[in-house]
Amino acid sequence: MTTTPGRTGNTDDAEVIVVGAGPAGATAAAYLAQAGLDVLVLEKSAFPREKVCGDGLTPRGVKELIDLGVDTREEAGWLHNRGLRVVSGGVRLELDWPELADYPPYGVVRPRHDFDDLLARHAQQAGARLVERTSVNSALVDERTGRIAGVHAKSGPERTEVTYRAPLVVSCDGVSGRLALSMGLQRKEDRPMGVAVRRYYESPRTADDYLESHMELWDRSNPAEPKLLPGYGWIFGMGDGTVNVGLGALSSSKAYGKTNYRSLLRTWLEGTPDEWGLREDNATGKIGGAALPMGFNRKPHYGSGLLLVGDSGGMVNPFNGEGIAYAMESARLAAECVVQARARPEGMARERALARYPDAVAESLGGYFRMGNLFSKIIGHPTVLHMATKYGMPRVTLMRFVLKLMGNLYDRRGGDVMDRVISATTRLTPSA
């Protein structure tokens, strides 16, 4: 697929290039196109395509969908849920999503195979130009200024080398950060990383009003010697006869990098009740795995014409591994800054608008992610997690506070006492 010349009045292919058409890239492209900018989106694969994810969005993610203009009604294909079910130490606690002014009172589930395609088409409908099967491998840099001036890519089945030009590039290419690396932006080793594996199973648990989180993973293959495994697990009903089952682990765990997580998933599921159907015969696909870049693990988020959005900027929540909501939120903030910049004369006025982006992300998420980074160091050990859930689970009020904190679901203005405590703490915590 080829692209048409942009509306820039020069040799550029577009006003803005967005690299990657996942939730971050599609959201950024939609907002930019809605504002009238000429946007070119380069996606390495073709839609629809698979993506390793839990497929569940909390109310924070639903808000971003609503802001973008996406219909989130059940009639539009979304499976709604009421909250989170936490399972630990034989205790099952169902916690409804909090009633808030800033966020809707429901979460949603939708397969990424369908979800990403929907967002990409939404961006196209807004006017963004999408070029699929085009893998960006490095930045085109203006040798005179050191600024990014476009990207080098390989396109189509023949892997034809092609160059696209634009004065601004939004990097939404995920955890690999290939574009950022080509600009010399390395990952920060002191920030947490996560790993997640997931698989789909046919199961009678497909229709569930709650997302389910297992805070302890037990290997019960030998009933005489059950073992507590590193990480946490989830079971999300998909509403179509299947469930999404997976587990995640943090780099703060001693087992990180030394564990076969696919084998760990099978071991955990062998200990679940037979009637759940989480057995090999009921699997509908293979186990997939993905890395989770957390807590702003690549910075700066803007420099020399390049904006880092979503996973490319390490914007996964260190508390719970949620990434889609933050990918979409950072994309919205990036688009706002780019739109303001393109409305100004070229030079320092435009640069000041672009430099606002990392400040906006830090104001929204910096203190919270900093707390999450500290939390991940503490909770990455199975015994610590076991003790925390053992003594915390029976205290329902405490667990409601934990849900708000770990889900980043609180009202910044007003709200209840829990909201005010979280809001004050995040404001006082230095940015990650």
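A residue counts as buried when its relative accessible area is under 20%, as exposed when it is over 50%, and as partly exposed in between. Keep that in mind as you look around this predicted model, and try it out on R133. That residue has a relative accessible area of 49%, so R133 is partly exposed. You'll find R133 in the loop between β8 (129-131) and β9 (134-141). Its backbone has a quirk too: phi of R133 is near 55°, a positive value in a residue other than glycine.

Now for the helices, starting with α2, which covers residues 59-68. Is α2 enclosed or open to the outside? Seven of its ten residues are buried, so α2 is largely enclosed by the rest of the structure. If you want to pick the buried ones out, they are P59, R60, G61, V62, E64, L65 and L68. Just after the helix comes G69, and its phi is positive, near 95°.

What lies around α2? Let's take two helix partners in turn. Two packed helices are described by the angle between their axes and the distance between the axes. One partner is α6, residues 324-342: α2 packs on α6 at an angle of about 40°, and the two axes are 8 Å apart. That angle makes α2 oblique to α6. The way α2 passes α6 is a left-handed crossing. Zoom in and you'll see R60, G61, K63, E64, L65, D67 and L68 on the α2 side, meeting A325, Y326, M328, E329 and R332 on the α6 side. Sorted by class, this contact has six charged residues, five nonpolar ones and one polar one.

While you're there, follow α6 along its length. With 19 residues, α6 reaches 27 Å from its first C-alpha to its last, which is close to the 27 Å expected at 1.5 Å a residue. It is also mostly covered, with 15 of its 19 residues buried.

The other partner is α1, residues 23-34, which packs with α2 at an angle of about 25°, with the axes 11 Å apart. Angles under 35 degrees count as roughly parallel, and that makes α1 roughly parallel to α2. This crossing is left-handed. Here T27, A30, Y31 and Q34 of α1 meet E64, D67 and L68 of α2. The class count for this contact is three nonpolar residues, two polar and two charged. Notice some familiar names: E64, D67 and L68 appear in the contact with α1, and they appear in the contact with α6 too.

Step back along the chain to L57, which sits in strand β3. Is L57 buried or exposed? Its relative accessible area is 3%, so L57 is buried. Leaving out residues up to four places away in sequence, L57 touches V62, L65, G107, V108, F115 and I324. One of these contacts is a nice example of folding bringing distant parts of a chain together: L57 and G107 are 50 residues apart along the chain, yet their C-alpha atoms are separated by 5.5 Å.

Next, visit N408, in the loop between α9 (396-407) and α10 (417-428). Like R133, N408 has a positive phi near 55° without being a glycine. Their surroundings are another story, though. R133 is partly exposed, whereas N408 is buried, with a relative accessible area of 1%. Which residues does N408 contact, once neighbours within four places in sequence are set aside? They are R60, Y103, N317, Y326, L365 and Y368. Two of those should ring a bell, as R60 and Y326 also take part in the meeting of α2 and α6.

Finally, two prolines are worth a look for their peptide bonds. The bond from F47 to P48 is cis, with omega near -5°, and P48 lies in the loop between β2 (39-42) and β3 (56-57). The bond from K299 to P300 is cis as well, with omega near 5°. P300 belongs to the loop between β19 (288-293) and β20 (302-303).

Note on methods:
Residues are numbered from 1 along each chain as its sequence is written. This is a predicted model: local features need pLDDT of at least 70, side-chain atom pairs count only at pLDDT 80 or more; totals for chains, interfaces and linings use all residues. Side-chain values use heavy atoms; hydrogens and water are left out. Axes are lines fitted to C-alpha atoms, for helices over the stretch in contact, and angles run from 0 to 180 degrees between N-to-C directions. Helices (H or I, at least four residues) and strands (E, at least two) are DSSP runs, numbered from the N terminus. Angles under 35 degrees count as roughly parallel, over 145 as roughly antiparallel, 65 to 115 as roughly perpendicular and the rest as oblique. A crossing is left-handed if the near helix is turned anticlockwise from the far one by less than a right angle, and right-handed if clockwise. Contact means heavy atoms within 4.5 Å. Ala, Val, Leu, Ile, Met, Phe, Trp, Tyr, Cys and Pro count as nonpolar, Asp, Glu, Lys and Arg as charged, and the others, Gly among them, as polar. The expected span of a helix is 1.5 Å times one less than its number of residues. Buried means under 20% relative accessible area, exposed over 50%, partly exposed in between (1.4 Å probe, protein chains only).
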